[in-house]
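Please load the model in your viewer, show side chains as sticks, and keep the selection panel to hand. The tour below moves from one selection to the next and says what is found at each stop.

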Amino acid sequence: MIGSDTFRPDLFAGRRVIVTGGTSGIGLAVSEAFASLGADVLAAGLRAEAVPADQARRLTVSDLDVTDEESIGDVLGAFIDTGGRLDVLVNCAGIIRRDDEFEPETFAHVLDVNLTGTMRCCVTALPVLRQSGGCVINTASLHSFISGPRIPGYTASKGGVAQLTKSLAAAWARDGIRVNAVAPGWITTPLTAAIRDTPAGRTITDRTPMGRWGTPAEVASAVVFLASPAAGYITGIVLGVDGGFLSA
């Protein structure tokens, strides 16, 4: 849990944050991080009812399907209407379908969630972010930069997120909106559970210079930094959070 030992507890007091994919994994850690730092947070994602009660009490939790423009408009609009502003949008919604992504229909669905879903949310939030001088943090990946033999759709979508981030940063900078991304490496989440305790997972650990997998809270710390005043002159970057994997 991020707290006063990392950032001051009131860093985001009075700020309003939406985290898509915010009900599990990295997204939930990001939602908790902003809430612990004083923000009013909407954690929006599939299976919102699965968020533990002790965590949900600190957040507003809502179901959200990022492939559905009407759902995005309704969920984001309702949250914005209750507070009149939006300061930070974090796009964490994402899926992976190992091996099945060679089927064109599955490939297209992964891109629709991971890449087009990110764009849908950014465009929907743009008018209110423009009013607040807010910022966007997208979720790219280690696989924005390296291949994934079993995940062509995921790899293509995350490469797209990295380039989308740079394009939106350039397009919206004069509106006072910063757009950045984090690129998590191997993180202990439900998406990676299937491979962590396999020979491939142990190979990943051995190849990572820091000798371990990362945690969702460590990715959340990077997201909080990019949303904070300390990153006020940073836009268009894709920040690796990978224990040194890409440098090895």
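**A tour of side-chain contacts**

Begin by selecting Arg-15, Arg-85 and Asp-87, which are linked in a network of salt bridges. Bear in mind throughout that this is a predicted model. The network belongs to a wider set, since a search of the whole structure finds eight salt bridges, and several further stops on this tour are drawn from that search.

Next, select Arg-16 together with Asp-40, whose side chains meet in a salt bridge with an N to O distance of 2.4 Å. Colouring by secondary structure helps here, because the pair links distant parts of the chain: Arg-16 is in strand S1 (residues 16-20) and Asp-40 in strand S2 (residues 40-44), 24 residues apart. Are the two partners buried or partly exposed? Arg-16 has a relative accessibility of 7% and therefore counts as buried, whereas Asp-40, at 31%, counts as partly exposed.

Keep Arg-16 selected and add Phe-79 to the view. The charged end of Arg-16 sits over the ring of Phe-79, 4.0 Å from the centre of that ring, so that Arg-16 takes part both in this contact and in the salt bridge with Asp-40.

Now move to Asp-99 and Arg-150, where the side chains again meet in a salt bridge, at 2.9 Å from N to O. Asp-99 lies in the loop between strand S4 (88-91) and helix H4 (104-132), while Arg-150 lies in the loop between strand S5 (135-139) and helix H5 (152-172), so the pair ties together parts that are 51 residues apart in sequence. Both partners are partly exposed, with a relative accessible area of 40% for Asp-99 and 41% for Arg-150.

From there, select Arg-130 and Asp-175, which form a salt bridge through their side chains with an N to O distance of 3.6 Å. Because Arg-130 lies in helix H4 and Asp-175 in the loop between H5 and S6, this pair ties together parts that are 45 residues apart in sequence. Arg-130 is partly exposed at a relative accessible area of 40%, and Asp-175 is partly exposed as well, at 29%.

For the last part of the tour, turn from charges to rings: a search of the whole structure finds three aromatic pairs. Select Trp-186 and Trp-213, which form a tilted pair with 5.6 Å from centre to centre and 55 degrees between the planes. The two residues come from distant parts of the chain, with Trp-186 in the loop between strand S6 (178-184) and helix H6 (193-196) and Trp-213 in the loop between helix H7 (199-207) and helix H8 (216-227), 27 residues apart. Trp-186 and Trp-213 are both buried.

Then add Phe-245 to the selection. How is its ring set against that of Trp-186? The centres of these two rings are 6.5 Å apart and the planes stand at 65 degrees; an angle over 60 degrees counts as edge-to-face, so the pair of Trp-186 and Phe-245 is edge-to-face. This pair, too, links distant parts of the chain, as Trp-186 is in the loop between S6 and H6 and Phe-245 in the segment after strand S7 (238-241), 59 residues apart. With a relative accessible area of 17%, Trp-186 is buried, and Phe-245 counts as buried at 4% relative accessibility.

To finish, display Trp-186, Trp-213 and Phe-245 together, since these residues form one aromatic cluster.

How values were computed:
Residues numbered from 1 in each chain as written. Predicted model: local features only at pLDDT ≥ 70, side-chain atom pairs only at ≥ 80, totals over all residues. Heavy atoms only, no water. Phe/Tyr/Trp six-rings, centres within 6.5 Å; stacked < 30°, edge-to-face > 60°. Helix = DSSP H or I, 4+ residues; strand = E, 2+ residues; numbered from the N terminus. Buried < 20%, exposed > 50% of the residue type's maximum accessible area, 1.4 Å probe, protein only. Lys NZ or Arg CZ within 6 Å of the ring centre and 35° of its normal. Salt bridge = Lys/Arg side-chain N within 4 Å of Asp/Glu carboxyl O.
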